[in-house]
Amino acid sequence: MKAVVRRGPRLHVADVPEAVPQAGQVVAKTLACGICGSDLHAVHHLEHSIEMGLRSGAANTLDPARDLVLGHEFCAEILDYGPETDKRLKPGTQVVSTPFAFGPLGPELIGFSTRYRGAFAERLVLTEALLLPVPNGLAPEAAALTEPLAVGTHAVSVGDPGPRSVALVIGCGPIGLAVIVALKRRGVGPIIAADFSPTRRARAERLGADIVVDPAETSPHAAWSSFDVPATLAEMGLAQMAGRTLRDAIIFECVGVPGMLQSLMEGAPPGAHVVVVGACAEDDTILPVLAINKQLRFSFVFAYSPDEFAETLHALGEGEIDPEVFLTGKVSLDETAAAFERLASPGNDVKIVVQPWR
Ligand SMILES: [Zn+2]
């Protein structure tokens, strides 16, 4: 069967061995699979990604010298069942699932494993127990957004905003937009969104951000005082003496480049909760005493729980999320390498979806 393989730091369309389900697994036809920032990173920096995984305590499931089939944001159609399966869903059922498989070394990430190929392929093997049927005739491209949107669901649930929280989202790429979606669904407002790109700011606005900021012109932290969030320790002291009821700040860092943490320690209002979603994979320097003086709280988040994933799929199925803001391109396997190039400088793109049957 045909797949896009990462061989060295390049993508090729290649013939790969057929996907064969083992015990507890199904074989499925890939209908759609989104290209993720971590896929882009893996093409050029796979060895570094592996090292980061190992240093975090993950199992060694990836041999960078072998062909790798990426793709973990998928929607697929069940074709057939392997041995020792319950077969509770009929072949032909469209499904999504969290991108996990269970191998001899424990859980592995589909699309970041030599053993479990990802969905930039005509067919893939999935774990039966994790399959969720796509509800309400939701289009496969939209269902494939469950995975990246669930990242936003999780970030917001860790942030745990209350009725008086004011949210700031820094970076309006796919992750920042997913955070805005989750904040809106939770009724949080106002939402301030910051990004250098006018198209990204327009998308943030379309999803319901109340204020959009171009950081080249205005500091994302300029508006705190106008929402009753004391912007400095001095303002906080005065507000407390005056007996004012204050609001709290919750900040989502969705950029993931060096310098972001330090700029938040300098700019965030005292007592803010910073949720770090952007995955910076380089050494970064911070001056912790600033965060101490302001009593900032930092939470670092990864992925989502199975419940958050299922809840996000349900919301998509109920039409609570507009997938069109995210879907900016559909490509075949042959066009996938070019789509990766396009996303290296995203411009007008958010999510390009690969449709291997094209
Ligand atoms: Zn991803």
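Student: Which label fits V13: buried, partly exposed or exposed?
Tutor: Ground rules before we start: this is a predicted model, where local features need pLDDT of at least 70 and side-chain atom pairs count only at pLDDT 80 or more, while totals for chains, interfaces and linings use all residues. Residues are numbered from 1 along each chain as its sequence is written, and side-chain values use heavy atoms, with hydrogens and water left out. Buried means under 20% relative accessible area, exposed means over 50%, and partly exposed is in between (1.4 Å probe, protein chains only). V13 has a relative accessible area of 36%, so the label is partly exposed.

Student: Which strand holds V13?
Tutor: Strands here are DSSP E runs of at least two residues, helices are H or I runs of at least four, and both are numbered from the N terminus. The run covering residues 10-15 includes V13, and that is strand β2.

Student: Which residues does V13 touch, leaving out those up to four places away in sequence?
Tutor: Contact means heavy atoms within 4.5 Å. One partner is far off along the chain: L333 is 320 residues from V13 in sequence, yet their C-alpha atoms are 6.8 Å apart. The list for V13 is K2, A3, V4, L333 and D334.

Student: How is the chain divided into domains?
Tutor: The bounds come from an automatic or database domain assignment. Domain 1 is written in two pieces, 2-145 + 326-354, and domain 2 is 152-300.

Student: How far apart are the centres of domain 1 and domain 2?
Tutor: The centres are taken over C-alpha atoms. On that basis, domain 1 and domain 2 are separated by 32 Å.

Student: And how much area is buried between domain 1 and domain 2?
Tutor: Buried area is the accessible area (1.4 Å probe) that two parts lose on being put together, summed over both. Carbon and sulfur atoms give 63% of it here. The total between domain 1 and domain 2 is about 720 Å².

Student: Which three residues supply 60% of the area that domain 1 buries against domain 2?
Tutor: Domain 1 brings nine residues to the contact, and domain 2 brings nine as well. No other three residues on the domain 1 side supply more than this trio: F326, N348 and V350.

Student: How many salt bridges are there between domain 1 and domain 2?
Tutor: The rule wants a side-chain nitrogen of Lys or Arg within 4 Å of a carboxyl oxygen of Asp or Glu. A search of the whole structure turns up 16 such bridges. Between domain 1 and domain 2, though, the count is zero.

Student: Which residue pairs with R6 in a salt bridge?
Tutor: R6 sits in strand β1 (residues 2-7), and its partner is 41 residues away, in helix α1 (residues 37-55). R6 counts as buried because its relative accessibility is 3%, whereas the partner, at 45%, counts as partly exposed. The N to O distance is 3.9 Å, and the partner is E47.

Student: How far apart in sequence are the parts tied together by K351 and E73?
Tutor: Their side chains meet in a salt bridge at 2.9 Å, N to O. K351 lies in strand β17 (residues 351-354) and E73 in strand β4 (residues 73-81), so the pair ties together parts whose separation in sequence is 278 residues.

Student: Are K351 and E73 buried or exposed?
Tutor: K351 has 3% relative accessibility, so it counts as buried. E73 has 1%, so E73 likewise counts as buried.

Student: What is the N to O distance between D195 and R200?
Tutor: D195 is buried because its relative accessible area is 9%, and R200 counts as buried at 18%. Their side chains meet in a salt bridge, with an N to O distance of 3.7 Å.

Student: Which peptide bond into P190 is cis?
Tutor: P190 lies in the loop between α4 (174-185) and β11 (191-194). Omega is near 0 degrees for the bond running from G189 to P190.

Student: What is phi of Q295?
Tutor: Q295 lies in the loop between α8 (288-293) and β15 (297-300), and it counts as exposed because its relative accessibility is 65%. Its phi is positive in a residue other than glycine, near 50 degrees.
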